[in-house]
Amino acid sequence: MASAQVMIPTPIPDAVQHVKISPPLIQYKPLHPTFGAEASADFSSITSELVDEIKRGLARYGVLVFRRTGLDDARHVEMSKLFGDLDDIAPFVGGLGQKNRLSSDYLFDVGNVNPDGTVMQPGGMRDLLLRCNYHFHADSAFNPRRAGISLLLAHELPPPGLGGETEFADTRTAYQALDDARKEEIHDWVVCNSQLNCRRNANIDENGKLNPLLDTDEFDPMKHRFGKHRLVQEHEPSGRTNLYIAAHAHHVEGMPLEEGQKQLRELLEHAGRPEFTLKVTWKDVGDLVVWDNTCTLHRSVPGNYAGKYKRDLRRTTVHDMSSQAWGLNGEGATWRSGLD
């Protein structure tokens, strides 16, 4: 007769070991059906892990809005350096005989504050040059090495309701919305970009007349070099196809000038259609907006604050690190648009 088996109970441990699950470094709240998100993160400690997570967020959303970060100039620059090589303002400031009022040459002054701390008045030369910012563009599309990621930080803002928002356009979805015939037509186009093209177009009145202050050889795009980049590109972080178009786009290489400009205007208008855009309202000092110039466009929204209230925004610009960063301009080129 077989003996009965005796079941020995497994002892219960004295204490259960709980596994601590760390919260995500960044939490996202989408702002638009296809791109853009408001993001929350702790900027008290700036780490490479935080920056890597921001990069992953940008690959998905293209634009991230962080509120009340507590960043100052020094920590803004410190964090930006973790993204990659930074562009600097020194060639433009020195080349144009200007004075940089900010603490670092890595900070681009894109607000309306003069070097003496006063509010910039409409109609002056600096105002005329900055009007380009009211048109959809990608930072540094006109230079031999284009911009990748931009980080824009609020230091002082006008009262609410007076304008000054920043609007973005989703150029990956804009490309996707083109019909197959149009995609095939534009596939191999090379676009010649000039900062001067945007500055001139931003200063043409309702009668089509260019402001005489910009009607000189100094501001004639044809008298300077162009930043050449392919119109249709793979956005490497996401693997999606992007329409790399901007208000700096002057003509299409190898196409009659007027025809190419007409085509580029149509594509830029397409990219700026309402279904591809979102508007970000600046709310507080310390708000930070980070975007990827290789899959979005942006522009400043004008308003009644101009000439009355300060809108002090400061940007760091990370050079594009992708295989398409230098376009067709020759890797290592050092010239800058309008200063060559």
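**Figure 1. The disulfide of the predicted model, between Cys-132 and Cys-198**. A search of the whole structure, which is a predicted model, finds one disulfide. This disulfide joins Cys-132 to Cys-198, with the two sulfur atoms 1.9 Å apart, and the link is right-handed, with an angle of 110° about the S-S bond. The pair ties together distant parts of the chain, since Cys-132 belongs to the loop between helix H4 (125-130) and strand S5 (147-156) while Cys-198 belongs to helix H7, and 66 residues separate the two. Both Cys-132 and Cys-198 are buried.

**Figure 2. Cys-192 and Cys-295, two cysteines shown with their distances to Cys-198**. Cys-192 takes part in no disulfide, and the nearest cysteine sulfur, which belongs to Cys-198, is 16 Å away. With a relative accessible area of 2%, Cys-192 is buried. For Cys-295, the closest cysteine sulfur is again in Cys-198, at 20 Å, which is too far for a bond, given that a disulfide requires the sulfur atoms to be within 2.5 Å. Cys-295 likewise counts as buried, because its relative accessibility is 0%.

**Figure 3. The surroundings of His-224, in the loop between helix H7 (195-201) and strand S8 (227-230)**. His-224 counts as buried because its relative accessibility is 14%, which falls under the 20% cut-off. The side chain of His-224 reaches the backbone oxygen of Glu-218 at 3.1 Å, and a polar atom of that His-224 side chain also lies 3.5 Å from the backbone oxygen of Asp-217. When residues up to four places away in sequence are not counted, His-224 touches Leu-196, Asp-217, Glu-218, Gly-338 and Asp-340. Asp-217 and Glu-218 therefore appear both in this list of contacts and as the residues whose backbone oxygens lie at the distances given above.

**Figure 4. Helix H8 (residues 257-271), with its buried and exposed residues**. Helix H8 has 15 residues and reaches 21 Å from its first C-alpha to its last, close to the 21 Å expected at 1.5 Å a residue. Within H8, the residues Gly-260, Gln-263, Leu-264, Leu-267, Leu-268, His-270 and Ala-271 are buried. These buried residues are on the same side of H8, because the arc that they cover around the axis is only 155°. Glu-258 and Glu-269, by contrast, are exposed and are found on the other side of H8.

**Figure 5. Arg-68 and Ser-140, two residues with a positive phi**. Most residues other than glycine have a negative phi. Arg-68, although it is not a glycine, has a positive phi of about 45°, and this residue is found in the loop between strand S3 (63-66) and helix H2 (73-81). Because its relative accessibility is 60%, Arg-68 counts as exposed. Ser-140, which is not a glycine either, has a positive phi of about 60° and lies in the loop between H4 and S5, the loop that also holds Cys-132 of the disulfide. In contrast to the exposed Arg-68, Ser-140 counts as buried, because its relative accessibility is 6%.

Note on methods:
Residues numbered from 1 in each chain as written. Predicted model: local features only at pLDDT ≥ 70, side-chain atom pairs only at ≥ 80, totals over all residues. Heavy atoms only, no water. Helix = DSSP H or I, 4+ residues; strand = E, 2+ residues; numbered from the N terminus. Buried < 20%, exposed > 50% of the residue type's maximum accessible area, 1.4 Å probe, protein only. Polar contact = N/O pair within 3.5 Å; in protein donor to acceptor, adjacent residues only side chain to side chain. Contact = heavy atoms within 4.5 Å. Expected span 1.5 Å × (residues − 1). Arc of directions from axis to C-beta.
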